[in-house]
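User: Hi! I am new to reading protein models, and I would like a close look at one part of this one. Could you walk me through how some helices pack together and what surrounds that packing?

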Amino acid sequence: MTTNEELIGRADLNDLEAIRAVKDNAEAIFTWDYEKGRRPALNKLYEKAKTSMWNGETDLPWDTIVDQEEVARNNQALASGFENMDFAHTPFEKWGDKEWTNLGMEFQNWSLSQFMHGEQGALICTAKIVETVPWIDAKYYASTQVMDEARHVEVFAKYLDTKLNGHYPLNAHLGMLLDDIIEDSRWDMTYLGMQIMVEGLALAAFGFMHQMTTEPLLKKLLRYVMSDEARHVAFGVLSLQEYYADLSSKELLERQEFAFEAAVRMRDRFMQQEVWERMGLNPRDVLPLLIDNPNRLLFQQMLFTKIVPNCKKLGLLDANDGWLRTRFQELGVIEFEHLTDTSDEYQAFALGEAELSESTAAMG
């Protein structure tokens with residue numbers, strides 16, 4: 001079995017200092033079988049996507065005035081994870097309201113920047129799926145997701161540029177994961193890395209932020225993005241469930257290892273090293289407090305509420321004597337395995353008739 005050090009470059013999951021530019025090695029696959037609907041579930045998803053498009057320029061209330069300081073104060077619990085903590089002998093010992101508000105603002109800038117970068121990663125990966133997946137129903141659906149992802153990049157960039165006060169660069173952990181997904185020549189690895197892992201975590205994170213924010217423009221933006229993201233994750237589950245049924249134990253182990261590596265990289269990205277540096281703190285002094293903080297740990301665990309049940313649906317948890325199950329136990333997220341997988345719940349995220357009529361009127 002492959003060790004943690006071989007998979008992620010370090011033996012200790014919490015050694016965040018051990019961090020290590022992308023060539024697409026895949027071949028474009030043409031298919032001459034144009035029979036639409038051979039895979040009914042994918043065809044249903046494709047038809048749903050065609051009637052669920054929205055316009056990021058006209059459907060969102062961009063004239064909304066955003067008071068970022070007020071939003072930051074409302075989001076302080078999410079920004080720090082340090083509520084009710086004794087700050088004596090910590091880097092935060094002398095912090096006052098101003099510093100905590102600034103942290104909230106930086107955290108929001110950082111979070112939405114990483115979402116934006118991740119959406120561009122999804123844009124590239126879904127274009128790759130159109131090229132590489134051998135099924136026409138999957139090519140049809142993936143083409144709709146390319147449009148979705150372009151729209152997501154557009155709205156996050158516009159929100160950052162016009163409502164907040166600056167971007168953050170791509171986080172190193174997210175960057176390494178995107179590189180791995182794009183560089184792998186196997187089409188199903190693009191699905192697994194992007195549709196299941198990255199998009200699955202994003203769906204959970206968007207839901208958390210949507211529930212918490214009181215800012216109306218961001219709330220609506222996230223609601224519209226989530227309606228697309230749920231279809232994207234379901235696309236991954238529906239496609240890989242069929243493909244993985246015929247893989248050998250060795251091939252499944254490679255997918256399990258990839259899923260675990262992706263999970264660790266995504267967890268680590270939410271340590272926000274770049275934020276602490278911008279706030280004038282040494283990340284080495286802050287990260288141990290983050291790792292040991294139960295509130296922060298709970299937030300990180302909740303990000304896996306979509307990933308774990310989807311991995312279970314794909315048979316990845318228990319293949320090879322439960323290899324991935326054991327790793328998810330180490331990460332403290334196995335408890336989510338009994339939640340509904342996204343292929344069964346994506347329609348619950350769909351825009352309602354009133355929202356879609358709003359969109360249609362705006363486009364008209």
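Analyst: Happy to help; we will start with a pair of packed helices and then follow the contacts and charges around them.

A word on the ground rules. This is a predicted model, in which local features need pLDDT of at least 70 and side-chain atom pairs count only at pLDDT 80 or more, while totals for chains, interfaces and linings use all residues. Residues are numbered from 1 along each chain as its sequence is written, and side-chain values use heavy atoms, with hydrogens and water left out.

Two packed helices are described by the angle between their axes and the distance between the axes. Helices here are DSSP runs (H or I, at least four residues) numbered from the N terminus. An axis is a line fitted to C-alpha atoms over the stretch in contact, and angles run from 0 to 180 degrees between N-to-C directions.

Take helix 8 (residues 187–212) and helix 10 (residues 249–269): their axes come within 10 Å and cross at roughly 35°. This crossing is right-handed, a word used when the near helix is turned clockwise from the far one by less than a right angle, with left-handed for anticlockwise. On the helix 8 side, the residues that meet helix 10 include Asp188, Leu192, Gly193 and Leu201. Their partners in helix 10 include Glu254, Arg255, Phe258 and Ala259. Contact here means heavy atoms within 4.5 Å.

Some of these names return in a charged group. Asp184, Arg186, Asp188, Glu254 and Arg255 are linked in a network of salt bridges. A salt bridge is a side-chain nitrogen of Lys or Arg within 4 Å of a carboxyl oxygen of Asp or Glu, and the count by this rule comes to 24. Within the network, the side chains of Asp184 and Arg186 meet at 2.8 Å, N to O. Buried means under 20% relative accessible area, exposed over 50%, and partly exposed in between (1.4 Å probe, protein chains only). Asp184 counts as buried because its relative accessibility is 13%, whereas Arg186, at 31%, counts as partly exposed.

Now look at Leu324, which lies in helix 15 (residues 319–331). Leaving out residues up to four places away in sequence, Leu324 touches Gln256, Ala259, Phe260, Cys311, Leu316 and Leu317. Ala259 is also one of the helix 10 residues that meet helix 8. Leu324 has 0% relative accessibility, so it counts as buried.

A second pair is useful to set beside the first. Helix 5 (residues 97–132) and helix 9 (residues 216–244) pack at an angle of about 35°, with their axes 13 Å apart, and their crossing is left-handed. Gln108, Leu112, Glu119 and Ile129 in helix 5 meet Leu218, Val225, Glu229 and Phe235 in helix 9.

Helix 5 also holds Cys125, which counts as buried because its relative accessibility is 0%. Not counting residues up to four places away in sequence, Cys125 touches Ile181, Ile182, Thr190 and Met194. The C-alpha atoms of Cys125 and Met194 are separated by 7.0 Å, although these residues are 69 apart along the chain.

One last stop is a salt bridge between Lys306 and Glu345, whose side chains meet at 2.7 Å, N to O. This pair links distant parts of the chain: Lys306 is in the loop between helix 13 (294–302) and helix 14 (307–313), and Glu345 is in helix 16 (residues 342–345), 39 residues apart. Both Lys306 and Glu345 are buried.

Notes. Helix = DSSP H or I, 4+ residues; strand = E, 2+ residues; numbered from the N terminus.
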